[in-house]
Amino acid sequence: YFQSHKLPAQVRVALACCLNMCGAVHCSDIAILGIHRKPPLIEDDRLEYVCEIPLVVAACPLGAIKPATVEIDGKKKKTVRVNEKRCMFCGNCYTMCPAMPLADGEGDGIAILVGGKISNRVSPPKFSKLVIPYIPNEPPRWETTVKWVRKILETYAQHARKYERLGEWAERIGWERFFELCEIPFTDKTMDDYRLAYDTYRTSMHFKFTSHVQIVE
């Protein structure tokens, strides 16, 4: 597809390792997003040398980071502590401080978002919507991630109209139909709480009717 003009319109595929939008995952047709499920590790022995503690504290959107002092080899060192109950694993602290790594081979995974765009051609710019909340991390080939991206792309190529972006196609047919055509399981983790969703149910994840929704007990 990316060496020809077979797709109905431009498809922007974005890749980012966290939610901080450096890869424009919030406004791409298909976004592959690395997600974390564990709080950052704190390297107390070097944190005060490579990080500015006030900036690290201020970087946390939930105020989960506080200054602290620890004793290592008889010497007091300035560091920080994380309130794990408040941490949402966004990675913003690691952006400011390399001594707070967030990567974890077992806890990390991948989420897929679709439907975003920057252009205002045909329709206004759109935010991407979460369609697959978690896929296990499977290096080096990431078979499951590739399978779902291929499925979404091929379904879009088969059903969309000419010049219709992926998000525009999904809104035209309704998001419930998008999930059915792409054979993506819909769960409570996929619910969209975007504040303007009440404008129309068919352009949000608030389904009024569908047989595809999985009941989570």
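## Buried rings

A residue counts as buried when its relative accessible area is under 20%. This is a predicted model, and in it W169 has a relative accessible area of 0%, so W169 is buried. F178 also has a value of 0%, so F178 falls under the cut-off and is buried too. W175 and F178 are both on the buried list as well.

Now for how these rings meet. There are five aromatic pairs in the count. One of them is W169 with F178, an edge-to-face pair with 5.7 Å from centre to centre and 70 degrees between the planes. F178 has another edge-to-face partner in W175, with the centres 5.1 Å apart and the planes at 70 degrees. What helix do W175 and F178 both lie in? They belong to α6, which covers residues 175-182, and they sit three residues apart, about one turn of the helix.

Zoom out a little and ring pairs join Y156, W169, W175, F178, F179 and F186 into a cluster.

## A charge over a ring

Another ring to look at is that of Y134. The charged end of R37 sits over the Y134 ring, 4.2 Å from the ring centre.

## The disulfide and other cysteines

How many disulfides does the structure hold? Just the one, made by C51 and C97, with 1.9 Å between the sulfur atoms. The torsion about its S-S bond is about 75 degrees, so this disulfide is right-handed. It ties together distant parts of the chain, 46 residues apart: C51 is in the loop between α1 (44-50) and α2 (53-59), while C97 is in the loop between α3 (92-96) and β5 (109-114). Are these two cysteines buried or exposed? Both C51 and C97 are buried.

C93, on the other hand, is in no disulfide. Its nearest cysteine sulfur belongs to C90 and is 6.3 Å away, and a pair has to be within 2.5 Å to count, so C93 and C90 are not a disulfide. C93 has a relative accessible area of 9%, so it is buried under the 20% cut-off. C182 has 0% relative accessibility, so C182 counts as buried too.

## Cavities

If you search the whole structure, you get two cavities of 30 Å³ or more. The largest cavity holds about 120 Å³ of space. Which residues are closest to its centre? Of the 16 that line the largest cavity, they are C60, C87, F89, C90 and C93. So C93, the buried cysteine that is in no disulfide, turns up again here. The lining of the largest cavity breaks down into 13 nonpolar residues, two polar and one charged.

## The second largest pocket

The second largest pocket has about 340 Å³ of space. It has 19 lining residues, and A16, C17, C18, G34 and H36 are the ones nearest its centre. Which elements give two or more residues to this lining? They are β1 (13-16), β2 (30-35), α3 and β5.

The largest share of the lining of this pocket comes from β2, with four residues. By type, the lining of the second largest pocket splits into 13 nonpolar residues, five polar and one charged.

Key: Residues are numbered from 1 along each chain as its sequence is written. This is a predicted model: local features need pLDDT of at least 70, side-chain atom pairs count only at pLDDT 80 or more; totals for chains, interfaces and linings use all residues. Side-chain values use heavy atoms; hydrogens and water are left out. Rings of Phe, Tyr and Trp (its six-membered ring) pair if their centres lie within 6.5 Å; planes under 30 degrees apart count as stacked, over 60 as edge-to-face and the rest as tilted. Buried means under 20% relative accessible area, exposed over 50%, partly exposed in between (1.4 Å probe, protein chains only). A charge sits over a ring if NZ of Lys or CZ of Arg is within 6 Å of the ring centre and within 35 degrees of the ring normal. On a 1 Å grid over the protein atoms alone, a cavity is a set of points where a 1.4 Å probe fits but cannot get out, and a pocket is an open set with protein on both sides within 12 Å along at least five of seven lines; lining residues have an atom within 4 Å of a point. Grid points are joined across faces, edges and corners, and a volume is the space filled by probe spheres set on the points. Ala, Val, Leu, Ile, Met, Phe, Trp, Tyr, Cys and Pro count as nonpolar, Asp, Glu, Lys and Arg as charged, and the others, Gly among them, as polar.
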